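Me: I have a protein chain to look at, and I do not know where to begin. Can you walk me through how to read its features?

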Amino acid sequence: HLLSRRQRQMCIRDSEIYREESQVSDRRMQISYGGLAVIVLLWIYEGYRYVNTGYFSPLGWGFNILFLLMWIWRVVFKYTYILRDGEMEVISHGVGIRRSFKVDLTKTESYTNKYIKSFFKKTKIRHYIHRYSSVDPNEQRLLVFTEGKDNKRLAGIIFKCSEKFLRELRKQMPDKFLNLN
């Protein structure tokens with residue numbers, strides 16, 4: 001027989017090993033409000049320029065919209081990290097939008113306790129998937145996995161999680177952990 005949506009959610013939750021939400025640092029939030037203030041000043045400048053000169057700058061307004069959307073994505077969106085047996089799921093949620101990204105842990109090449117851009121620059125990782133809030137005080141982590149039909153292309157997901165989440169991930173795959181301290 002068919003399970004109700006609530007029953008399916010309970011079954012999924014029962015298979016979870018560990019779950020955590022992204023955190024918010026007061027200091028990082030203050031800095032992000034400074035960034036928002038700069039964006040507001042740019043909007044005021046463009047509005048002032050339009051009202052006084054009649055000149056409408058599509059590029060200026062376009063950048064203002066882009067900066068605001070990026071700020072919302074990096075600050076307003078929160079993330080839920082869920083570890084299951086053989087799978088990690090990252091759920092992005094904010095401003096009425098909810099998206100999920102799942103990684104099959106059997107396709108994991110490696111993962112680190114710290115993302116160091118210069119260290120990974122020379123690897124053949126095709127693209128990076130950013131799933132973290134800029135106001136989260138936790139360290140950036142990187143999980144590298146294969147994707148595509150032939151499972152040959154490397155991709156990386158950059159996320160921020162606690163040490164406890166990382167310990168639970170290490171229990172799942174102790175041999176693929178890279179300690180970059």
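Reply: Start with the order of elements. Along the sequence, the protein chain runs α-β-α-α-β-β-β-β-α-β-β-β-α-β. Keep in mind that this is a predicted model.

Me: How many helices and strands does the protein chain have?

Reply: The count is five helices and nine strands.

Me: What radius of gyration does the protein chain have, and what would a compact globule have?

Reply: The protein chain has 20 Å. A compact globule of 181 residues would be near 16 Å. Look at the extents too. The C-alpha trace spans about 65 × 50 × 35 Å along its principal axes.

Me: What share of the residues count as buried?

Reply: In the protein chain, 37% of the 181 residues do. Now turn to the surface. The accessible surface is about 11,600 Å², and carbon and sulfur atoms hold 57% of that area.

Me: Which share of contacts joins residues 24 or more positions apart?

Reply: Take the contacts in the protein chain with a separation of 6 or more. Residues 24 or more positions apart make up 63% of them.

Me: Now the rings. How many aromatic pairs does the structure hold?

Reply: There are 11 aromatic pairs. One of them joins phenylalanine 63 and phenylalanine 67, with centres 5.9 Å apart and 25 degrees between the planes. That pair counts as stacked, because its angle is under 30 degrees. Both residues sit in helix 3 (residues 58-76), four residues apart, about one turn of the helix.

Me: Why do phenylalanine 63 and phenylalanine 67 count as partly exposed?

Reply: Partly exposed runs between 20% and 50% relative accessible area. Phenylalanine 63 has 39%, so it is partly exposed. Phenylalanine 67 has 35%, so the label fits there as well.

Reply: Now take another pair. Tyrosine 81 and phenylalanine 159 are tilted, at 5.9 Å centre to centre and 50 degrees between the planes. This pair links distant parts of the chain. Tyrosine 81 is in strand 2 (residues 78-84), phenylalanine 159 is in strand 8 (residues 153-160), and 78 residues separate them.

Me: Are tyrosine 81 and phenylalanine 159 buried or exposed?

Reply: Tyrosine 81 is buried, at 0% relative accessible area. Phenylalanine 159 is buried too, at 1%. Both belong to a cluster in which ring pairs link Tyr18, Tyr81, Phe159 and Phe165.

Me: Which rings have an arginine over them?

Reply: Arginine 74 lies over the face of tryptophan 73, 5.3 Å from the ring centre. The charged end of arginine 131 sits over the ring of phenylalanine 101, 5.7 Å from its centre.

Notes. Residues numbered from 1 in each chain as written. Predicted model: local features only at pLDDT ≥ 70, side-chain atom pairs only at ≥ 80, totals over all residues. Heavy atoms only, no water. Phe/Tyr/Trp six-rings, centres within 6.5 Å; stacked < 30°, edge-to-face > 60°. Helix = DSSP H or I, 4+ residues; strand = E, 2+ residues; numbered from the N terminus. Buried < 20%, exposed > 50% of the residue type's maximum accessible area, 1.4 Å probe, protein only. Lys NZ or Arg CZ within 6 Å of the ring centre and 35° of its normal. Rg over C-alpha atoms; globule rule 2.2 N^0.38 Å. Contact = heavy atoms within 4.5 Å. Areas by Shrake-Rupley, 256 points an atom, 1.4 Å probe, with all protein chains shown as cover.
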